[in-house]
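Open the structure in your viewer and keep the selection tool at hand. Each stop below says what to select and what is there.

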Amino acid sequence: MIKDKKRRTARIVALLKKEYPDSGCSLKFKSAHQLLVSTILSAQTTDEAVNKVTPGLFKKYKSIEDFAAADISELEKDIATVGLFRNKAKGIKLTSVELLHRYGGVVPDSLDEIITLPGVGRKTGSVVLGTWFGKAEGIVVDTHVKRISRLLGLTEHTDADKIEQDLMKLVVKTDWIIFTHLIIDHGRAVCIARRPRCDSCVLNRLCPSAERI
DNA sequence: CTCCCGATAT
DNA sequence: ATATCAGGAG
């Protein structure tokens with residue numbers, strides 16, 4: 001029953017809020033554009049690795065214009081340690097160019113517009129929308145949300161868009177932004193992909209996949 | 001579906 | 001050695 005699943009979801013969210021009271025974005029940024037760059041860099045990469053690169057990066061490239069004018073191979077070297085650096089350097093430069101040409105240097109605050117930027121997909125766009133503008137047009141489904149939503153039995157799907165649709169029915173809208181942050185915190189600390197620590201998980205009794213204590 | 005990719009934990 | 005990390009594009 002969907003009603004029962006919604007209650008269980010609410011219980012899960014409540015427990016995670018108690019467990020991670022300071023849950024939120026762990027990227028370092030001072031502007032919408034810096035957040036956008038950081039989020040592009042964070043694809044398939046730990047936020048820790050991104051945060052090692054961005055302070056120096058934002059010191060070297062101080063404006064959107066600086067990123068738009070960047071030499072690609074130099075930018076690639078500047079971000080090399082995060083991996084997938086060719087795709088990301090291209091995305092950062094082209095997105096900065098597009099931002100200046102089509103949006104007057106202002107990061108758009110709608111999902112439809114922001115995902116038209118090169119290198120910015122639904123996940124990246126949704127992160128910027130939620131974290132900078134406080135807007136939730138959807139729920140961010142990253143690798144942790146994908147894995148843990150399935151383990152918790154909140155969805156049966158593997159496709160991120162379908163998982164998002166299921167979650168949008170289960171999570172109350174006011175929790176859409178915090179939900180992802182809570183799941184990510186939990187995914188990093190307890191429900192780790194390689195070895196879930198079911199023995200120290202506050203969701204043990206609510207999780208159909210848990211190894212019982 | 002495949003490719004892109006370095007750092008880190010196991 | 002290998003799986004995983006706030007994915008996106010062709």
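Start at Thr 54. Helix 3 has a kink of about 30° at this residue, shortly before the proline Pro 55. Keep in mind that this is a predicted model.

Now select the whole of helix 3, residues 47–60. It has 14 residues. From its first C-alpha to its last it reaches 20 Å, close to the 20 Å expected at 1.5 Å a residue.

Color the buried residues of helix 3 next. They are Asp 47, Val 50, Asn 51, Val 53, Thr 54, Leu 57 and Phe 58. What do they pack against? Show helix 2 (32–41), helix 4 (64–68), helix 5 (72–78) and helix 11 (176–189): the buried residues of helix 3 pack against these four elements.

**Into helix 2**

Select Thr 39, which is found in helix 2. Is Thr 39 buried or exposed? Its relative accessible area is 1%, so Thr 39 is buried. Show its side chain. A polar atom there lies 2.6 Å from the backbone oxygen of Leu 35. Then add the residues that Thr 39 touches, not counting those up to four places away in sequence: Leu 27, Lys 123, Thr 124, Val 127 and Val 128.

**The loop after helix 2**

Move to Gln 44, in the loop between helix 2 and helix 3. Gln 44 has a positive phi of about 50°, although it is not a glycine. Its relative accessibility is 74%, so Gln 44 counts as exposed. Show its backbone too. An N or O atom of the Gln 44 backbone lies 2.7 Å from a phosphate oxygen of DNA strand C.

**DNA strand C**

Select DNA strand C and its surroundings. How many residues surround this strand? There are 29, and the closest are Gln 44, Asp 47, Thr 124, His 144 and Arg 194. Go to Gly 119: a polar backbone atom of this residue is 2.8 Å from a phosphate oxygen of DNA strand C. Then go to His 181. An N or O atom in the side chain of His 181 is 2.9 Å from a base nitrogen of DNA strand C.

Zoom out a little. Of the DNA strand C atoms within 4 Å of the protein, 60% belong to sugar or phosphate, and the rest to bases. Helix 8 (122–133), helix 9 (143–151) and helix 11 each supply at least two residues of the surface near this strand. That surface divides into 10 nonpolar, 12 polar and seven charged residues.

**DNA strand B**

Switch to DNA strand B. Around it are Lys 52, Ala 80, Thr 81, Gly 83, Leu 84, Phe 85, Arg 86, Asn 87, Arg 194 and Arg 197. Sugar and phosphate make up 57% of the DNA strand B atoms that come within 4 Å of the protein. The surface near this strand has three nonpolar, three polar and four charged residues. Its largest share, three residues, comes from helix 6 (residues 85–103).

Check three side chains here. A polar atom of the Lys 52 side chain lies 2.7 Å from a phosphate oxygen of DNA strand B. For Arg 86, a side-chain N or O atom is 2.4 Å from a phosphate oxygen of this strand. Asn 87 reaches a base instead: a polar atom of its side chain lies 2.8 Å from a base oxygen.

Finish at Leu 84, in the loop between helix 5 and helix 6. Leu 84 is not a glycine, yet it has a positive phi of about 50°. Its relative accessible area is 45%, so Leu 84 is partly exposed.

Note on methods: Residues are numbered from 1 along each chain as its sequence is written. Chains are lettered from A and ligands numbered from 1 in the order in which they are written. This is a predicted model: local features need pLDDT of at least 70, side-chain atom pairs count only at pLDDT 80 or more; totals for chains, interfaces and linings use all residues. Side-chain values use heavy atoms; hydrogens and water are left out. The expected span of a helix is 1.5 Å times one less than its number of residues. The bend at a residue is the angle between axes fitted to the seven residues ending there and the seven starting there. Buried means under 20% relative accessible area, exposed over 50%, partly exposed in between (1.4 Å probe, protein chains only). Contact means heavy atoms within 4.5 Å. A residue is near a molecule or strand if one of its heavy atoms lies within 4 Å of it. A polar contact is a pair of N or O atoms within 3.5 Å; within protein, one must be able to donate a hydrogen and the other to accept it, and residues adjacent in sequence count only if both atoms are side-chain atoms. Ala, Val, Leu, Ile, Met, Phe, Trp, Tyr, Cys and Pro count as nonpolar, Asp, Glu, Lys and Arg as charged, and the others, Gly among them, as polar.
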